[in-house]
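Got your viewer open? Here is a short tour, stop by stop, with something to select at each one.

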Amino acid sequence: MEKNFIIAGFGGQGVLLAGEVLANAFMLDDKNVTWYPSYGAEMRGGTVNCEIVMNDSGDVSSVNKAETDFILALNQASFDRFLPKVKKGGWMIANSTLVEEKKSRDDINYFFVPVTKLADELGNSKMTNILSLGVLAKISKLTSLDTLEKALDNVLPAHRKNLLPLNCKALKIGYEYDLSAVK
Amino acid sequence: MTECLTKTSKKVLTKGNYAIANAAVLAGCECYFGYPITPQSEIGEFMSGKMQELKRAYVSAESELAAINMVLGACATGAKAMTSSSSCAVALMQEALSYAASDELPIVLVSVMRGGPGLGNIYPSQGDYNQATIGGGNGDYKMIVLAPATVQECVDLTYKAFYLAHKYKNPTVLLADGLLGQMMEPVEFKEYPYPEVDNSDWALTGAKNRPGRIIRSYAPSADNQCEFLNKLHAKYKLIEENETEWEEINTEDADIILVSFGSPARNAKSAMKECRKLGLKVGLLRPITLFPFPSKRIAELAEKTKKFISVEINMGQMIRDIKLAVNGKAQVELLNRPVGNPPSVEEIVEKIKKESGV
């Protein structure tokens, strides 16, 4: 089995970090995983994305995939750009605080969740990335909350460990978000 | 970043650039000299902390020219020394690489390719295949060139680069691309697996209690230079015989063999598997050493296969070496992307279908 993910948003929203946490979780689950960023002259406020490919076949993953199983779009530009890349039957998970809820494709699954608003309610809008990672992980059914918490601990550098409890809280809110709206 | 990258049997998730830098440290690299350039700046960043912490030499040089010449000087003392850079800046180092080949110095150069020619851009590329394997310096010289395709190979081949450089007293290049440099995968940093090479008979370590030595790139007479070049090329031949390395899958019954190195080889491998599912007889040959190139093996395969397809991120550079090896015995086609991420699996499958007449 091979599944791939794209996490995309504004530079500064923490999409690369969210991807790194997800990749780390797959590593902890003993899966093969590859993470790579869009790599141009990126800057804060511009768009940025990373792709994560996981497999359990024991072989190296290919890169630069034509289609994607799960896309997490944290802003409108990313939603518009990556919508055509969602695999038939795949998922577009979008930040409805910043993305218009419009379903123009009927061959994919959509899930709109106001992640920036939820992060604000938690007290820190910077938690948007980790909170939405919780939603993405839950929908994908490919890793557990427990593993993601360990992955967060792996990824946060020593001088940022004070932020671990709040990040874990954000992760949990996302992971336990009511998915009953999902068909 | 630096704290978790110690010798370990546990896997860590890290970028190609950090993997290379940490492997160099574990290989016993004593001196790093460098000048930053995207997409390999993390190597210098890592070294700037780690080398000082370990009381080894780190110099942020004033230019690429200075950096590579510092490596030359350090290597003349027998030290394990390296630099790292990218395309347009590796271009600046060509004179020193020719001198290092002539002086038979074990320098290690990590070249993380980006778009070119000229300043180009910072997207992944394999446009410096020729720069590394043919060389841009003067004279008849060869560098050993190793090409990783995964982050784990960034570690393993960095170890190997140090070993081969010292074993053969020859400049050695680790040739990666921007995608590998920035890519993260779980890796294991095992012990440096090679023996230490004795350099007591040539290194400039001070002439106390022994006659002085001179390392120089100068042969005043034609006879001298002929003798020297013959000796140098006998060494290259030995390297070809002993060190040629490649990965080969499903070639035995293949009608079409994909040849690809570095990151595009990953997609070539997946495309090969897809095509096998479709009943197409496709194989893969992935050169791991670009010099020495697996020419002999390709020549053998050319006797029984119909076509080779070279998959590269450039305008077609390795394809020349494939054609030389094939020597007209089979057709050789190119599937390239000029610059950027490798051709997708779907593109490669399409090309294979087209070439098989399906």
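The tour starts with chain A, moves on to the cores, and ends at some backbone oddities. Keep in mind throughout that this is a predicted model.

**Stop 1: chain A as a whole.** Select chain A and colour it by secondary structure. You should find six helices and six strands, running along the sequence as β-α-β-β-β-α-β-β-α-α-α-α. With a radius of gyration of 15 Å against the 16 Å that the globule rule gives for 183 residues, chain A is as compact as a globular protein of that length. Its C-alpha atoms fill a box of roughly 40 × 40 × 40 Å along the principal axes. Switch to a surface: chain A exposes about 7,900 Å², with carbon and sulfur atoms supplying 50% of that. Of its 183 residues, 57% count as buried.

**Stop 2: the largest core.** Now pick Met82(B), Ile107(B), Phe308(B) and Ile322(B), which have the most contacts inside the largest nonpolar core, a set of 99 residues. Which helix gives the most to this core? Select residues 151-168 of chain B: that is helix 7, and it contributes eleven residues. The core also takes at least three residues from each of domain 1 (8-195 + 229-242) and domain 2 (246-356) of chain B.

Zoom in on Ile322(B). Leaving out residues up to four places away in sequence, Ile322(B) touches Val259(B), Phe293(B), Ile298(B), Phe308(B), Ser310(B) and Val332(B). Apart from the largest core there is another one, of 49 residues; to see some of it, select Phe5(A), Val33(A), Leu142(A) and Leu156(A), which are among them.

**Stop 3: two cis bonds.** Most peptide bonds are trans. Go to Gly116(B) and Pro117(B), though, and the bond from one to the other is cis, with omega near 5 degrees. Pro117(B) sits in the loop between strand 5 (108-115) and strand 6 (121-124) of chain B. Then try Phe291(B) to Pro292(B), another cis bond, with omega near 0 degrees. Here Pro292(B) is in the loop between strand 13 (289-291) and helix 11 (295-302) of chain B.

**Stop 4: two positive phi values.** Most residues other than glycine have a negative phi. Select Asp30(A), where phi is near 65 degrees, in the loop between helix 1 (15-28) and strand 2 (32-37) of chain A. Next select Glu104(B), with phi near 55 degrees, in the loop between helix 5 (94-103) and strand 5 of chain B. Buried or exposed? Asp30(A) is exposed, at 73% relative accessible area, whereas Glu104(B) counts as buried, at 13%.

Definitions and conventions. Residues are numbered from 1 along each chain as its sequence is written. Chains are lettered from A and ligands numbered from 1 in the order in which they are written. This is a predicted model: local features need pLDDT of at least 70, side-chain atom pairs count only at pLDDT 80 or more; totals for chains, interfaces and linings use all residues. Side-chain values use heavy atoms; hydrogens and water are left out. A nonpolar core is a set of buried Ala, Val, Leu, Ile, Met, Phe, Trp, Tyr and Cys residues joined through side-chain atoms within 4.5 Å. Buried means under 20% relative accessible area, exposed over 50%, partly exposed in between (1.4 Å probe, protein chains only). Helices (H or I, at least four residues) and strands (E, at least two) are DSSP runs, numbered from the N terminus. Domain bounds come from an automatic or database domain assignment. Contact means heavy atoms within 4.5 Å. The radius of gyration is taken over C-alpha atoms; the globule rule is 2.2 Å times the number of residues to the power 0.38. Accessible areas come from the Shrake-Rupley method with a 1.4 Å probe; for residues, only the protein chains shown count as cover.
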